[in-house]
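I opened this entry to keep track of what I looked up, starting with the aromatic rings and ending with a helix.

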Amino acid sequence: MIKTVLTLSVLLLPTAVFACSCAFDELPLKEAVNQSFSRVDSVVLAQAIHINQLTEVLPSGEPLPSDMAWGEEVTQFNEIQSWKGSHGKLFHTRINTTKGMCGYSFSEGETYLLYLYGTDEDGYYATSTCSRTKPLIRVEGELEVLNELTQPTD
């Protein structure tokens with residue numbers, strides 16, 4: 001019964017409600033990084049060292065079927081370099097990774113350039129596919145721009 005109600009709700013709601021759309025400006029890299037830097041609480045290069053998939057449960061205590069779950073992940077990171085924020089050497093993100101919700105899913109052992117929002121009331125940071133968060137292998141000159149941006153001026 002619950003599954004039928006949820007299925008009908010999804011079918012009857014406008015699809016735009018579920019769409020994740022990011023309006024990326026066609027700005028030069030330096031300007032885009034500066035803009036993103038000013039909008040977040042922390043910018044850090046860090047390695048994902050542990051990922052925990054949160055399991056939702058029904059009132060009966062049974063796990064919620066995966067096709068009905070929201071898909072939250074808690075990822076523990078180890079800081080490599082920080083340009084903004086005071087998150088500590090080890091910190092966590094809690095991200096909703098459901099399709100259409102703009103969540104960012106990480107891979108254990110991979111290094112990321114993180115543009116983080118937060119923390120929430122439980123101490124978790126957040127990010128999304130609409131931030132400049134990306135794996136280190138896709139950074140392409142961004143670290144140099146961050147170094148320039150955060151260098152002390154005389």
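I looked up Tyr112 first and found a relative accessible area of 2% in this predicted model. The cut-off for buried is under 20%, so Tyr112 counts as buried.

I then checked Phe77, which is buried with a relative accessible area of 0%. Phe77 and Tyr112 form an edge-to-face aromatic pair, with 6.4 Å from centre to centre and 90° between the planes. I noted that Phe77 lies in strand 2 and Tyr112 in strand 4, so this pair ties together parts 35 residues apart in sequence.

Next I counted the aromatic pairs and got 5. One of them is Phe77 with Phe91: the ring centres are 5.5 Å apart and the planes are at 15°, so I entered the pair as stacked. Phe91 is in strand 3 (residues 90-96) and Phe77 in strand 2, 14 residues apart, and the pair links distant parts of the chain. Both Phe77 and Phe91 are buried.

I followed the ring pairs further and found that they link Phe77, Phe91, Phe106, Tyr112 and Tyr125 into a cluster.

Another ring I looked at was that of Phe37. The charged end of Lys84 sits over this ring, 4.9 Å from its centre.

Last, I turned to helix 3 (residues 142-150), where Glu142, Leu143, Val145 and Leu146 are buried. Seen down the helix axis, the buried residues fall within an arc of 160°, so they line one face of helix 3. What do they pack against? I listed helix 2 (29-39), strand 1 (42-53), strand 2 (72-84), strand 4 (111-118) and strand 6 (134-135).

Key. Residues numbered from 1 in each chain as written. Predicted model: local features only at pLDDT ≥ 70, side-chain atom pairs only at ≥ 80, totals over all residues. Heavy atoms only, no water. Buried < 20%, exposed > 50% of the residue type's maximum accessible area, 1.4 Å probe, protein only. Helix = DSSP H or I, 4+ residues; strand = E, 2+ residues; numbered from the N terminus. Arc of directions from axis to C-beta. Contact = heavy atoms within 4.5 Å. Phe/Tyr/Trp six-rings, centres within 6.5 Å; stacked < 30°, edge-to-face > 60°. Lys NZ or Arg CZ within 6 Å of the ring centre and 35° of its normal.
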